[in-house]
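Biologist: Please take me through the terms used for this model. For each one I will ask what value stands behind it.

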Amino acid sequence: MIIFKNGFVTLEYAPASDILSFEMPNVDDIVMPEMKRSLTIIVEHVRNYDVKRILLDARQTCVLVDDNSYAQIISDFYRDMMATRVQKIARLITPDSIRERVVKKLLDNTNLSIEVQWFTEVGSAVEWLKSGVLSKAQPQSVPF
């Protein structure tokens, strides 16, 4: 079911699996304030629906800002997510994406309380999200 929709992001929530899914909004200097607001809205809905699993689709996301600006936005987003009860985030990506290298480097240097894995296929990502034991999940390997 769609729980939120605006011009930047659509949030779909499946209560039976407790998975919130959305496509990451595009980022450029012009829409930066609205993009940040969209990420805040995502966190608010995660908190309000007490979501534990997120399917984040970044395959079509265009990033037209410098790496440092993007890293700051992502850092703030994951910091805010850690203040919720989210346990797992599956990122759908395009392999060898420069954007994902920035995100991976940032997350590797952050002490996350959330398990984050990268996937290229929706089915594998959803299977991992639904797996019951966090530490025994076998994520799909994605080259960076």
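Modeller: What follows goes through helix packing, aromatic pairs, burial and backbone angles.

Biologist: What kind of model is this, and how are its residues numbered?

Modeller: This is a predicted model, in which local features need pLDDT of at least 70 and side-chain atom pairs count only at pLDDT 80 or more, while totals for chains, interfaces and linings use all residues. Residues are numbered from 1 along each chain as its sequence is written, and side-chain values use heavy atoms, with hydrogens and water left out.

Biologist: Why are α1 and α2 called roughly parallel to each other?

Modeller: The axes of helix α1 (residues 32-48) and helix α2 (residues 67-82) cross at roughly 15° and come within 10 Å. Helices and strands are DSSP runs numbered from the N terminus, helices being H or I with at least four residues and strands E with at least two. Axes are lines fitted to C-alpha atoms, for helices over the stretch in contact, and angles run from 0 to 180 degrees between N-to-C directions. Angles under 35 degrees count as roughly parallel, over 145 as roughly antiparallel, 65 to 115 as roughly perpendicular and the rest as oblique. The pair α1 and α2 is therefore roughly parallel.

Biologist: Which residues of α1 and α2 make the contact?

Modeller: On the α1 side they are Met32, Met35, Lys36, Leu39, Ile42, Val43, Val46 and Arg47, and on the α2 side Ser69, Ile73, Phe77, Asp80 and Met81. Contact means heavy atoms within 4.5 Å. By class, these residues divide into 9 nonpolar, 1 polar and 3 charged. Nonpolar covers Ala, Val, Leu, Ile, Met, Phe, Trp, Tyr, Cys and Pro, charged covers Asp, Glu, Lys and Arg, and the others, Gly among them, are polar.

Biologist: What makes α2 and α3 oblique to each other?

Modeller: Helix α3 (residues 98-108) packs against α2 at an angle of about 50°, with the axes 10 Å apart. An angle of about 50° is in none of the named ranges, so α2 and α3 are oblique. Here Asp67, Tyr70, Ala71, Ile74, Ser75 and Tyr78 of α2 meet Arg99, Val102, Val103, Leu106 and Leu107 of α3. Those residues divide into 8 nonpolar, 1 polar and 2 charged.

Biologist: What makes the pair of Phe77 and Tyr78 edge-to-face?

Modeller: The structure holds 3 aromatic pairs. In one of them, Phe77 and Tyr78 are 5.5 Å apart centre to centre, with 80° between the planes. Rings of Phe, Tyr and Trp (its six-membered ring) pair if their centres lie within 6.5 Å; planes under 30 degrees apart count as stacked, over 60 as edge-to-face and the rest as tilted. The value of 80° makes this pair edge-to-face.

Biologist: Why is the pair of Phe119 and Trp128 called tilted?

Modeller: Phe119 and Trp128 have 40° between the planes and 5.6 Å centre to centre. Since 40° is neither under 30 nor over 60 degrees, the pair is tilted. Both Phe119 and Trp128 are buried.

Biologist: How do you know that His45 is buried?

Modeller: His45, in helix α1, has a relative accessible area of 13%. Buried means under 20% relative accessible area, exposed over 50% and partly exposed in between (1.4 Å probe, protein chains only). At 13%, His45 is therefore buried. Leaving out residues up to four places away in sequence, His45 touches Ile3, Phe4, Leu11 and Val51.

Biologist: Why does Asn6 count as partly exposed?

Modeller: Asn6 is in the loop between β1 (2-5) and β2, and its relative accessible area is 24%, so Asn6 is partly exposed. Beyond its neighbours within four places in sequence, Asn6 is in contact with Glu34, Ser38 and Ile41.

Biologist: What makes Ser17 and Asp57 count as buried?

Modeller: Ser17 has 16% relative accessibility and therefore counts as buried. Its place is in the loop between β2 (10-14) and β3 (19-23). Asp57, in strand β5 (residues 53-57), has a relative accessible area of 12% and is therefore buried.

Biologist: What is the phi of Asp18 and of Asp50?

Modeller: Most residues other than glycine have a negative phi. Phi of Asp18 is near 55°, and Asp50 has a positive phi of about 50°. Asp18 is in the loop between β2 and β3, whereas Asp50 lies in the loop between α1 and β5. Asp18 has a relative accessible area of 12% and is buried, while Asp50, at 29%, counts as partly exposed.
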